[in-house]
Amino acid sequence: MLYTRNLAYAYPNGRTLRFPDMECAEGNVLLITGGSGVGKTTLLHLLAGLLKPSGGEVQVAGTAIQSLKPAAMDAFRGKHIGIIYQQSHFIAALSVKENLLLAGAHKITRLMEISQKLGIQSLLHKKPAQLSQGEQQRASITRALVQSPELLLADEPTASLDDDNCITVAKLLAAQAAEQKAALLIVTHDNRLKQLFANHITLS
Amino acid sequence: MILRIAFKNLLHKPLYAVLCWLLLACSTAVLLLLITLSHQAKEQLEKQIDGVDMVLGAKGSPLQLILSSVYNIDAPTGNIYLEEAQRFMQHPLVASAIPVSLGDSYMGYRIIGTTDAYLKKYNLQPASGKIFSKAMEVVIGATVAQRSQLKIGSEFAGTHGLGEKGHVHEEHNYVVTGILPLTGLSADQLILTPLQSVWEIHEEHKKTTQQQITAVLIKFKSPLAQLQMPRMINENTNMQAAVPAIEINRLQSLMGSGTAVLRILGWLLAALAACSIFVMLVQGTHERRYELALLRSMGYGRGKLLGLVLAEAAILGIAGILGGFLLSRLSGWFLQQEVFSHYHLTFSGAWKITPADMITMVAILAACLLAALFPAIRAFRLNISKTLANA
């Protein structure tokens, strides 16, 4: 499902990052760990097509995304990749429900199903700013899942959560990814997650 | 969806949006009102002088003579002797000559002494009753009938002078014989009576040589006379000849500088509105750059982000222009009720949208979109990775 070869990224200042090759089959979880500044977020953005690599190849669902044009990339990302950010971003002017349906208003039954599992169905009519950190994170996980993506990318999804929530959310993410046969890649420095997932790569 | 987000974004910052809307609505209203007023004023002015080639009256300001005798607004310049005027009224080059005599009023409405030719000139037939046939009979305009509650057969006494207060000629009562239909002309606000009534009240009928009138509305047989006769009268008699078309042009050019100032003010307001939209959107796209990046990451293309920012400006623009249109028509209606009726101006068809209105509205909308262009392009070129990473 996800597959990279010789992936490299050159910062505008000339510094080049090289990433180990990685692979993640559908339904599997790959944990990427490492201290701050080693390029975890950069890697995630490369995999999501938000950044263009300077070399190497990224394949998602059989498509080599490094060669897609910006418009095609936006469309591809919307269809195949779900992203969960470290900081939850929402459109402040829209309700939580409208935010979660941004990817497609017809996904309403799926939204109801997932929000029930994640326990946020009572928050749907609120504005994002009225939600707590943990609630916001669960909402953004819901948003990523509603699209039924083949690749789920999570950037520090549990950093703002307490121990109980951390384990719950991580298990939930993994279970949902497995259920819809999505590859799940988690980028984190959160050591609490290492005990949960066997498959991990450490960047240095 | 883009339109929905744009709309919600505007509602999310209601004060900003209301400020922009207000500026837009005011500038649109000022500009549209100006267009309507100058258009309607021109139409009204021209309708009233239709068929009057020259006005003969006492020496004084020619504009005043026209305003008092044709538009029934200003005070008359004075009186002339009928005997003296008759020389020109019966001139072979004159097609028709309508004498008018001003002096009295009733409840502020002017009583005009004239002949039935005055009614014929404006193609007026009483809607009810009949026209006057002898002294002290009057035909009243539709507005006079409505406001004064006078009916056919009602009697009233005129007030000396054109104001609402003055000496009342109690010993002479007028009788209403006819009521005119609503015309939109100054005739709506007039009380018409034979010349003899005016003479009778002012006791001038004793000697025919001393009978006075205020002015004569003259129509020539040929345009040639228009070149010669006014000059001849002005040079050789102690009367004055004024050409309405010239005076109205002069009046319009006098009003023109006033409307030019107002028009500049209107466009300045529109520019201010565009600036406020610009500031709002620049600030908005900066504050909401994470939201824009998020939309991109969820599959919304760059074109849609461009569209989102433009849509915000377009929604504001259209709402502002609609508001301004309504405001201009409402204020036009209000002015009509409160101000213009005193000047015998009636505006009709104000809800029509003229080509000039369309051009103004499109120009304002274009200004809004132009103001949104820079922030929209900024949204289009947003570096999503950097924006999301710096969250």
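This report walks through the two chains of a predicted model, starting with chain B and ending with the sheets of chain A.

A few ground rules help first. In this predicted model, local features need pLDDT of at least 70 and side-chain atom pairs count only at pLDDT 80 or more, while totals for chains, interfaces and linings use all residues. Residues are numbered from 1 along each chain as its sequence is written, and chains are lettered from A and ligands numbered from 1 in the order in which they are written.

## Chain B and its helices

According to an automatic or database domain assignment, chain B holds domain 1 (2-45 + 255-389) and domain 2 (54-242). The centres of domain 1 and domain 2 of chain B, taken over C-alpha atoms, are separated by 49 Å.

Three helices of chain B, namely helix 2 (residues 14-49), helix 9 (residues 244-287) and helix 11 (residues 302-338), pack against one another in the pairs listed below. Helices (H or I, at least four residues) and strands (E, at least two) are DSSP runs, numbered from the N terminus. Axes are lines fitted to C-alpha atoms, for helices over the stretch in contact, and angles run from 0 to 180 degrees between N-to-C directions.

| Helix pair | Axis distance | Angle |
|---|---|---|
| Helix 2 and helix 9 of chain B | within 8 Å | roughly 165 degrees |
| Helix 2 and helix 11 of chain B | 7 Å | about 45 degrees |
| Helix 9 and helix 11 of chain B | 11 Å | about 150 degrees |

Take helix 2 and helix 9 of chain B, whose axes cross at roughly 165 degrees. That angle makes helix 2 of chain B roughly antiparallel to helix 9 of chain B. Angles under 35 degrees count as roughly parallel, over 145 as roughly antiparallel, 65 to 115 as roughly perpendicular and the rest as oblique. The crossing of helix 2 and helix 9 of chain B is left-handed. A crossing is called left-handed if the near helix is turned anticlockwise from the far one by less than a right angle, and right-handed if clockwise. The contact of these two helices has 22 nonpolar, 6 polar and 2 charged residues. Here Ala, Val, Leu, Ile, Met, Phe, Trp, Tyr, Cys and Pro count as nonpolar, Asp, Glu, Lys and Arg as charged, and the others, Gly among them, as polar.

Helix 2 and helix 11 of chain B pack at about 45 degrees. That makes helix 2 of chain B oblique to helix 11 of chain B, and their crossing is right-handed. Residues in contact, meaning that their C-beta atoms, placed from the backbone, lie within 7 Å, include B:Trp21 and B:Leu24 of helix 2 and B:Gly320 and B:Phe325 of helix 11. By class, this contact has 14 nonpolar, 10 polar and no charged residues.

Helix 9 and helix 11 of chain B also have a right-handed crossing. In their contact, B:Ala273, B:Ile277, B:Leu281 and B:Thr285 of helix 9 meet residues of helix 11 that include B:Glu312 and B:Leu316. The contact divides into 6 nonpolar, 2 polar and 1 charged.

## Where the chains meet

The contact between the chains takes 21 residues from chain B and 22 residues from chain A. Helix 1 (2-12), helix 10 (289-297) and helix 13 (384-389) of chain B each give two or more residues to the side of chain B that touches chain A. Helix 10 of chain B gives the most, with 6 residues. That side of chain B divides into 11 nonpolar, 6 polar and 4 charged residues.

## Strands of chain A

Chain A has an open sheet of 5 strands in the order 7-8-9-4-10, with parallel pairing. Strands pair if DSSP finds at least two bridges between them. Strand 7 (81-84) and strand 10 (200-202) of chain A are the edge strands. Within this sheet, neighbouring strands are turned by 15 degrees against each other on average, direction ignored. Strand 8 (residues 151-155) and strand 9 (residues 183-188) of chain A pair over 5 bridges, and A:Asp155 has A:Val187 as its bridge partner.

Elsewhere in chain A, strand 1 (residues 2-10) and strand 5 (residues 55-60) run antiparallel, joined by 5 bridges. Strand 5 and strand 6 of chain A form a hairpin with 2 residues between them, where A:Ala61 in the turn has a positive phi of about 50 degrees.

Conventions
Contact = placed C-beta atoms within 7 Å.
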